[in-house]
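Work through the exercises below with the sequence and the coordinates open beside you. Each task is followed by a solution that proceeds in steps.

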Amino acid sequence: MELEPLFTIKVTCNYCENEFTTSRVRPSFKRAIKTDTDFCGYYRNENPDYYVVRVCPFCGFASTENSTERLNERQTARYHEEIETRYIKRDYGGKRDWSTALETYKLGLLCAQTINEKERIIASLLHHIAWLYRYREDREQERRFLQYSLESYIRVFETESNLGNDARLMYLIGELNRRTGNYNDAVKWFSRVINDKKIMDASMIRASREQWAVLREEMLNDGHELPEEMQN
Ligand SMILES: [Zn+2]
């Protein structure tokens, strides 16, 4: 018997506390056939990233499994005033295509911004939206959302980061700077990962070295003047 890639789970809404079902991709189908240098995955079957945002069919509240589980009074009031009264109810529990996935991410982002969710969650939603546009080769929208997610990841680094010792986050900020054409900032962030003696994450150090070399090549090709640390 062949296994279906999707299965459903029950989730309790963080806002209205009703229980609803949402789909997920089975772990055995989750392996990416290719991953970009900013961790965007490509899949043969269902894309597990399409199913990250869970949307409550009763009230419309959209969240991820990493979102704040209990909303405080202020957040509840904000959601009620800003979104709930205007939301057109729809069930996103089944199979999702590209456009449905994008809708769920935009709802997720709207909810997260409305309740002032942790910056890490907002950064990740913005980054996922950029990936969706990349799948469609919509370069303009991809770049727009990469830029937003970059700004958001920098806020994460400044406010939530583990004493600046978060190699994956620093690498990602470097890579998003490179992808959005902020070459000098990209150099700074990659150099930090490579040179900071406190960083022990070997795979992020390696990735930073590789992207540092890619960046150097790009800058030479585009006729940019190389910063001092890149000159030899
Ligand atoms: Zn709900």
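## Exercise 1: Leu-215 and the nonpolar core

Leaving out residues up to four places away in sequence, Leu-215 touches Arg-178, Tyr-183, Ala-186, Val-187, Phe-190 and Met-230. The model used here and throughout is a predicted one.

**Task.** Determine how many residues the largest nonpolar core has, which residues have the most contacts inside it, and which helix gives the most to it.

**Solution.** Begin with the core as a whole: the largest one has 66 residues, and those with the most contacts inside it are Phe-61, Tyr-79 and Leu-215. Next, assign the core to secondary structure, where strand 1, strand 2, helix 2 (98–114), helix 3, helix 4, helix 5 (167–179), helix 6 (183–195) and helix 7 (202–221) each supply at least two residues. Finally, compare the contributions, and helix 3 proves to give the most, with 9 residues. As general background, nonpolar side chains in soluble globular proteins tend to be buried together.

## Exercise 2: Helix 5

**Task.** Check whether the length of helix 5 agrees or disagrees with 1.5 Å a residue, and establish which helices its buried residues pack against.

**Solution.** For the length, the expected span is 1.5 Å times one less than the number of residues, so the 13 residues of helix 5 should span 18 Å, and the end C-alpha atoms are indeed 18 Å apart, which agrees. For the surroundings, note that 11 of the 13 residues of helix 5 are buried, so that the helix is mostly covered; among them are Leu-169, Met-170, Leu-172, Ile-173 and Leu-176, together with Glu-175, Asn-177 and Arg-178. The buried residues of helix 5 pack against helix 3, helix 4, helix 6 and helix 7. After the helix comes Gly-181, whose phi is positive, near 85 degrees.

## Exercise 3: The zinc site

**Task.** Identify which atoms coordinate the zinc ion, and explain why their arrangement is tetrahedral.

**Solution.** The donors are the SG atoms of Cys-13, Cys-16, Cys-56 and Cys-59, at 2.2 to 2.3 Å from the zinc ion. Four donors count as tetrahedral if all angles lie between 85 and 135 degrees, and because the 4 donor atoms here subtend angles of 106 to 116 degrees, the arrangement is tetrahedral. Along the chain the donors follow the spacing C-x2-C-x39-C-x2-C. Distant parts of the chain are thereby linked, since Cys-13 belongs to the loop between strand 1 (6–12) and strand 2 (19–25), whereas Cys-56, 43 residues away, belongs to the loop between strand 5 (54–55) and strand 6 (62–63). With the threshold for burial set at under 20% relative accessible area, Cys-13 counts as buried at 5%, and Cys-56 is buried at 0%.

## Exercise 4: Salt bridges

**Task.** State how many salt bridges the whole structure has, and describe where the partners of the Glu-65 and Arg-24 pair lie along the chain.

**Solution.** The search of the whole structure finds 17 salt bridges. In one of them the side chains of Glu-65 and Arg-24 meet at 3.2 Å, N to O. This pair links distant parts of the chain, with Glu-65 in the loop between strand 6 and helix 1 (73–82) and Arg-24 in strand 2, 41 residues apart. At 52% relative accessibility, Glu-65 counts as exposed.

A second bridge, between Arg-139 and Glu-142, has an N to O distance of 2.9 Å. Because these two residues are 3 residues apart in helix 4 (residues 139–159), about one helical turn separates them. Glu-142 is buried, with a relative accessible area of 7%.

A further bridge joins Asp-196 to Lys-198, the closest N and O atoms being 3.8 Å apart. Here Asp-196 counts as partly exposed at 24% relative accessibility, while Lys-198 is exposed at 56%. Elsewhere, salt bridges that share partners join Asp-36, Asp-38, Arg-134, Arg-139 and Glu-142 into one network.

## Exercise 5: His-128

**Task.** Decide whether His-128 is buried or exposed, and find which residues beyond its sequence neighbours it contacts.

**Solution.** His-128 lies in helix 3 (residues 119–135). Its relative accessible area is 12%, so His-128 is buried. Leaving aside neighbours within four places in sequence, His-128 is in contact with Asp-49 and Tyr-105.

Definitions and conventions. Residues are numbered from 1 along each chain as its sequence is written. This is a predicted model: local features need pLDDT of at least 70, side-chain atom pairs count only at pLDDT 80 or more; totals for chains, interfaces and linings use all residues. Side-chain values use heavy atoms; hydrogens and water are left out. Donors are N, O and S atoms within 2.8 Å of the metal (3.2 Å for Na, K and Ca); water is not among the atoms, so sites may look incomplete. Four donors count as tetrahedral if all angles lie between 85 and 135 degrees; four count as square planar and six as octahedral if opposite donors are over 155 degrees apart and all others between 65 and 115; anything else is irregular. Helices (H or I, at least four residues) and strands (E, at least two) are DSSP runs, numbered from the N terminus. Buried means under 20% relative accessible area, exposed over 50%, partly exposed in between (1.4 Å probe, protein chains only). Contact means heavy atoms within 4.5 Å. A salt bridge is a side-chain nitrogen of Lys or Arg within 4 Å of a carboxyl oxygen of Asp or Glu. A nonpolar core is a set of buried Ala, Val, Leu, Ile, Met, Phe, Trp, Tyr and Cys residues joined through side-chain atoms within 4.5 Å.
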